[in-house]
Amino acid sequence: MLAVFLSIWAAPRAYRHLITQFSGTQNADWNHRLAEKKRELSVPWHDQRPLIILAGDSQVEFGNWYDLLAGAWAVRNCGLARAKIADVTQLVSAIGDRQPKKAVLMCGINNLGAGESHEACLRDYEALLAAVRSQLQPESILVLSVMPVGESVIDHASHQLNAKVSQFNNALAACCRRHQVEFLDVNPAVIAANGGLADELTVDGLHLNAQGYRRLAGIIAPQLAPPTHAP
């Protein structure tokens, strides 16, 4: 019983520790990692099939998207753990590919976890959408909702953060409508009855496990344009 209690008590604190780490983006190590990722992305992706670009934070980076999407498309993973929305804009601006079939975006939890306002996050997201359109020139853009974190009844901070996530997703959906961008609420596929990230889909209350990624890919795949084949 004690072990069960400790696991329930510790898991939400694990995600808060991770988010706190993610917020320190001004240190030299982060600047180095961001610069290295931008150099990596500047090299064009060599694949003749329709290209899907996924950009975002750790939820994107840690996914094995080629396999998750059954190898139907050329898939470029441009995610970077710890990235905030403005960092994703930098990454997108560095990508060496042009006119992909679709650009898929997922980011924002690191901003919300650091206490940034919805208004500031939306301004950053609008700048991100502008960069995607001007730099990548994709046929279409798909914005994914920010997923909640794991909750427990004894951790009020997780509930408060998830309330912010829900409110931000509503604002983000409205922002996407204004900018004529597709918005997909993935949360019905990954949440538990309490509104937090389902325990069986996460390794630490924040990041998805293999089952969680399969669940996420299952809701994303139908939104991707059917691949076209050369005659």
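# Exercises on a predicted chain

Arg 82 sits in the loop between β2 and α5 (85-94). The model used in these exercises is a predicted one.

**Exercise 1. Determine which sign the phi of Arg 82 takes, and whether Arg 82 is buried or exposed.**

Solution. The backbone comes first: Arg 82 has a positive phi of about 80°, although it is not a glycine. Most residues other than glycine have a negative phi. The next step is accessibility, for which the cut-off for a buried residue is under 20% relative accessible area. Because its relative accessibility is 13%, Arg 82 counts as buried.

**Exercise 2. Locate Ala 70, and decide whether Ala 70 is buried or exposed.**

Solution. Ala 70 belongs to the loop that runs between α4 (65-68) and β2 (74-79). Its phi is positive, at about 65°, and this residue too is not a glycine. The relative accessible area of Ala 70 is 68%, and since exposed means over 50%, Ala 70 is exposed. Set side by side, the two loop residues with positive phi read as follows: Arg 82 is buried, whereas Ala 70 is exposed.

**Exercise 3. Describe the secondary structure of the chain, and state what share of its residues count as buried.**

Solution. Counting the elements gives nine helices and five strands. Their order along the sequence is α-α-β-α-α-β-α-β-α-α-β-α-β-α. As for burial, 50% of the 231 residues count as buried. The contacts complete the description: among those in the chain with a separation of 6 or more, 75% are between residues 24 or more positions apart.

**Exercise 4. Check whether the span of helix α8 agrees with or departs from the expected value, and list which of its residues are buried.**

Solution. Helix α8 covers residues 156-178, which makes 23 residues. At 1.5 Å a residue, the expected span is 33 Å; the end C-alpha atoms lie 34 Å apart, and therefore the two values agree. The buried residues of α8 are Ser 158, Leu 161, Asn 162, Val 165, Phe 168, Asn 169, Leu 172, Ala 173, Cys 175 and Cys 176. Just after the helix, Gln 180 adopts a positive phi of about 55°.

**Exercise 5. Find which element gives the most residues to the lining of the largest pocket, and classify the lining.**

Solution. The largest pocket has a volume of about 200 Å³. Its lining consists of 14 residues, and those that lie nearest the centre are Asn 162, Val 165, Ser 166, Asn 169 and Asn 187. Helix α8 gives the most to this lining, with seven residues. By class, the lining comprises four nonpolar, eight polar and two charged residues.

**Exercise 6. State how many cavities of 30 Å³ or more the structure contains, and which residues line the largest cavity.**

Solution. A search of the whole structure yields one cavity of 30 Å³ or more, and the volume of the largest cavity is about 60 Å³. Its lining is made up of Asp 57, Gln 59, Met 106, Cys 107, Gly 108, Ile 109, Val 146, Met 147, Pro 148 and Leu 206. These residues divide into seven nonpolar, two polar and one charged.

**Exercise 7. Explain why Cys 107 does not form a disulfide.**

Solution. The closest cysteine sulfur to that of Cys 107 is in Cys 121, at 9.4 Å, and this is too far for a bond, because a disulfide requires two cysteine sulfur atoms within 2.5 Å. For the structure as a whole, the number of disulfides is zero. Cys 107 is buried, at 2% relative accessibility, and Cys 78 is also buried, with a relative accessible area of 0%.

**Exercise 8. Identify which residues are in contact with Ile 141 and with Gly 195, leaving aside neighbours within four places in sequence.**

Solution. Ile 141 lies in strand β4 (residues 140-144) and is buried, its relative accessible area being 6%. It touches Ala 103, Leu 105, Leu 129, Val 132, Arg 133, Val 181 and Glu 182. Ile 141 and Lys 102 are 39 residues apart in sequence, yet their C-alpha atoms are 5.6 Å apart in space.

Gly 195, for its part, lies in the loop between β5 (182-184) and α9 (210-220), and it is partly exposed, with a relative accessible area of 29%. Its contacts are Pro 148, Glu 151 and Asn 162. From Gly 195 to Ala 163, which are 32 residues apart along the chain, the C-alpha separation is 9.1 Å.

Methods:
Residues are numbered from 1 along each chain as its sequence is written. This is a predicted model: local features need pLDDT of at least 70, side-chain atom pairs count only at pLDDT 80 or more; totals for chains, interfaces and linings use all residues. Side-chain values use heavy atoms; hydrogens and water are left out. Buried means under 20% relative accessible area, exposed over 50%, partly exposed in between (1.4 Å probe, protein chains only). Helices (H or I, at least four residues) and strands (E, at least two) are DSSP runs, numbered from the N terminus. The expected span of a helix is 1.5 Å times one less than its number of residues. Contact means heavy atoms within 4.5 Å. On a 1 Å grid over the protein atoms alone, a cavity is a set of points where a 1.4 Å probe fits but cannot get out, and a pocket is an open set with protein on both sides within 12 Å along at least five of seven lines; lining residues have an atom within 4 Å of a point. Grid points are joined across faces, edges and corners, and a volume is the space filled by probe spheres set on the points. Ala, Val, Leu, Ile, Met, Phe, Trp, Tyr, Cys and Pro count as nonpolar, Asp, Glu, Lys and Arg as charged, and the others, Gly among them, as polar.
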